[in-house]
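Let's take a walk through this structure together. Keep the 3D view open and turn it as you read.

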Number of protein chains: 2
Amino acid sequence: MYQLYEMADSGNCYKVRLLLHQLDIPYQRKPTDILQGASRTEDFLALNPNGKVPLLILPDGRPLAESNAILCYLAEGSPLMPEDPYECALALQWLFFEQYSHEPFIATNRFWIHLEKAQQAHAEQIAANHPRGIAALNVMENHLRGQIFFVADRYSIADIALYAYTHVAHEGGYDLEPFPAVSAWLTRVAAQTAHITIDA
Amino acid sequence: MYQLYEMADSGNCYKVRLLLHQLDIPYQRKPTDILQGASRTEDFLALNPNGKVPLLILPDGRPLAESNAILCYLAEGSPLMPEDPYECALALQWLFFEQYSHEPFIATNRFWIHLEKAQQAHAEQIAANHPRGIAALNVMENHLRGQIFFVADRYSIADIALYAYTHVAHEGGYDLEPFPAVSAWLTRVAAQTAHITIDA
């Protein structure tokens, strides 16, 4: 059986749990409290030298890190990974957008404000990140004005990856009111078959 | 023919040019000086709303952004993309590592120091990034102590992606002397058939 080292509140971990649930793949949760240093122990670093969750352990014991690489691995051959080579590349394009242009600003501010409760200590970084998070939301809003999902008008891992931190962006100080296309897309994603919430 | 919007000094653009050359795929270079705002014009934003290079235009006119998504698209079916599903996922793992844990610290410091010549103006951010770049180099060093390339002991797009900014890390203030396994791997990558340099 798959084992997933993960932290309940993490959007990156939620992505993987949501996909596993929608693909009906059984797995065992291995709660890993990164706030208490559980991803920095010798045992954990032996599995993932980069010291991050989520970390997926395959049934044969081999480890795989990086949330979006895990999504690609699990979704391969399923309807949640586009089959056409260009559409598959577009899904990857949005996964890299998520990790480079979205997560570092939206998830990081949520981490400081909502999880660490350390808004004051990180006030300057939060303020510097905010416009970059808004820029990412603007890119999403423009794209979703003409599309119901991110790639080929079908729900895919690109939607799962971007949903994870966008739907809790308010916990990082982002108001989604000025982003109606993003808000409507969030509703569509949450209405998909076998959807689970981040606290499930 | 493929068209590549790119800037000569950018490691993200170099990745794509190196792969195109090694796959012997003809393409046309479209020089795009991001320092002069060329990736923020209306025409460019119509092709890539995220306003970044590299941007690949397929022979049929469809655009593809994000350097590592472009690598995956072009390498698919070639010896530079692992065929085995787990090894392919490991290549993606390293591509996401590169964009999340490596590029924002190593490439960004190089951008400020080497390209913008704005070391003083960004002194605080450069200093904050430095230990995070060192952490990424340590992850690479530990991995390369037991491997000749990043995935399955064969040269792949994972090596191309990580080579791009690692081999010019000194231009961002990173000394590679303490990383002998990384340094030896850089030499192996540069010795591959049809290698080109970043200024080629």
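**Two copies and an axis**

Turn chain A by 180 degrees, with a shift of 0.0 Å along the axis, and it can be laid on chain B with an RMSD of 0.0 Å. The two copies are thus related as by a two-fold rotation axis. To find that axis on your screen, look for A:Tyr100: of the residues of chain A, its C-alpha comes closest to the axis, at 3.0 Å.

Keep in mind that you're looking at a predicted model. The model scores ipTM 0.98 and pTM 0.98. Chain A averages a pLDDT of 97, and 100% of its residues score at least 70.

Now zoom in on where the chains meet. Here, 25 residues of chain A are in contact with 25 residues of chain B. On the chain A side, strand 4, helix 3 (67-75), helix 4 (85-115) and helix 5 (123-144) each supply at least two of the touching residues. Which of them gives the largest share? That's helix 4 of chain A, with 11 residues. Sorted by class, the side of chain A that touches chain B has 15 nonpolar, 7 polar and 3 charged residues. And since 100% of the interface residues of chain A are also interface residues in chain B, the copies meet through the same surface.

**The sheet**

Next, pick out the strands. Chain A has an open sheet of 4 strands in the order 2-1-3-4, with mixed pairing. At its edges sit strand 2 (27-31) and strand 4 (63-65) of chain A, each pairing on one side only. From one strand to the next, the twist averages 20 degrees.

Let's follow one pairing inside it. Strand 1 (residues 2-6) and strand 3 (residues 55-57) of chain A pair in the antiparallel sense over 3 bridges. Find A:Gln3 and look across: A:Ile57 in strand 3 of chain A stands opposite. Helix 1 (residues 11-22) of chain A lies across strand 1, strand 2 and strand 3 of chain A, and runs at about 155 degrees to strand 1 of chain A.

Hop over to chain B, and you'll find an open sheet of 4 strands there too, with the order 2-1-3-4 and mixed pairing. Take a look at strand 3 (residues 55-57) of chain B: 3 bridges join it to strand 4 of chain B, and the two run antiparallel. One residue to click on is B:Ile57, whose bridge partner in strand 4 of chain B is B:Pro63.

**A helix on the inside**

Is helix 3 of chain A largely enclosed or largely open? Of its 9 residues, 8 are buried, so helix 3 of chain A is largely enclosed by the rest of the structure. Among the buried ones are A:Ile70, A:Leu71, A:Cys72 and A:Tyr73. What do they pack against? The buried residues of helix 3 of chain A pack against helix 1, strand 3, strand 4, helix 4 and helix 6 (157-166) of chain A, together with helix 4 of chain B. Just after helix 3 of chain A comes A:Gly77, which takes a positive phi of about 85 degrees.

For a buried spot in the other chain, go to B:Ala91 in helix 4 (residues 85-115) of chain B. B:Ala91 counts as buried because it has 25 C-beta neighbours inside 10 Å. Leaving out residues up to four places away in sequence, B:Ala91 touches B:Met81, B:Pro82, B:Val151, B:Ser156, B:Ile157 and B:Ala158. Take B:Val151: it is 60 residues from B:Ala91 in sequence, and the two are 6.3 Å apart in space, C-alpha to C-alpha.

**Some backbone details in the loops**

Finish with a few loops. In chain A, a cis peptide bond joins A:Val53 and A:Pro54, with omega about 5 degrees. You'll find A:Pro54 in the loop between helix 2 (42-47) and strand 3 of chain A. In chain B, a cis peptide bond joins B:Val53 and B:Pro54, and there omega is about 0 degrees.

Next stop is A:Lys117, in the loop between helix 4 and helix 5 of chain A. A:Lys117 isn't a glycine, yet it has a positive phi of about 50 degrees. Buried or exposed? With 9 C-beta neighbours inside 10 Å, A:Lys117 counts as exposed. Last comes B:Asp153, in the loop between helix 5 (123-144) and helix 6 (157-166) of chain B. B:Asp153 has a positive phi of about 55 degrees, although it is not a glycine, and it counts as exposed, with 10 C-beta neighbours inside 10 Å.

Notes
Residues are numbered from 1 along each chain as its sequence is written. Chains are lettered from A and ligands numbered from 1 in the order in which they are written. This is a predicted model: local features need pLDDT of at least 70, side-chain atom pairs count only at pLDDT 80 or more; totals for chains, interfaces and linings use all residues. Copies are superposed by least squares on the C-alpha atoms of residues with pLDDT of at least 70 in both. Two residues are in contact if their C-beta atoms, placed from the backbone, lie within 7 Å. Two strands pair if DSSP finds at least two bridges between them. Axes are lines fitted to C-alpha atoms, for helices over the stretch in contact, and angles run from 0 to 180 degrees between N-to-C directions. Ala, Val, Leu, Ile, Met, Phe, Trp, Tyr, Cys and Pro count as nonpolar, Asp, Glu, Lys and Arg as charged, and the others, Gly among them, as polar. A residue is buried if 20 or more other C-beta atoms lie within 10 Å of its own, exposed if 12 or fewer, and partly exposed in between; C-beta atoms are placed from the backbone. pLDDT is the predictor's confidence in each residue, from 0 to 100.
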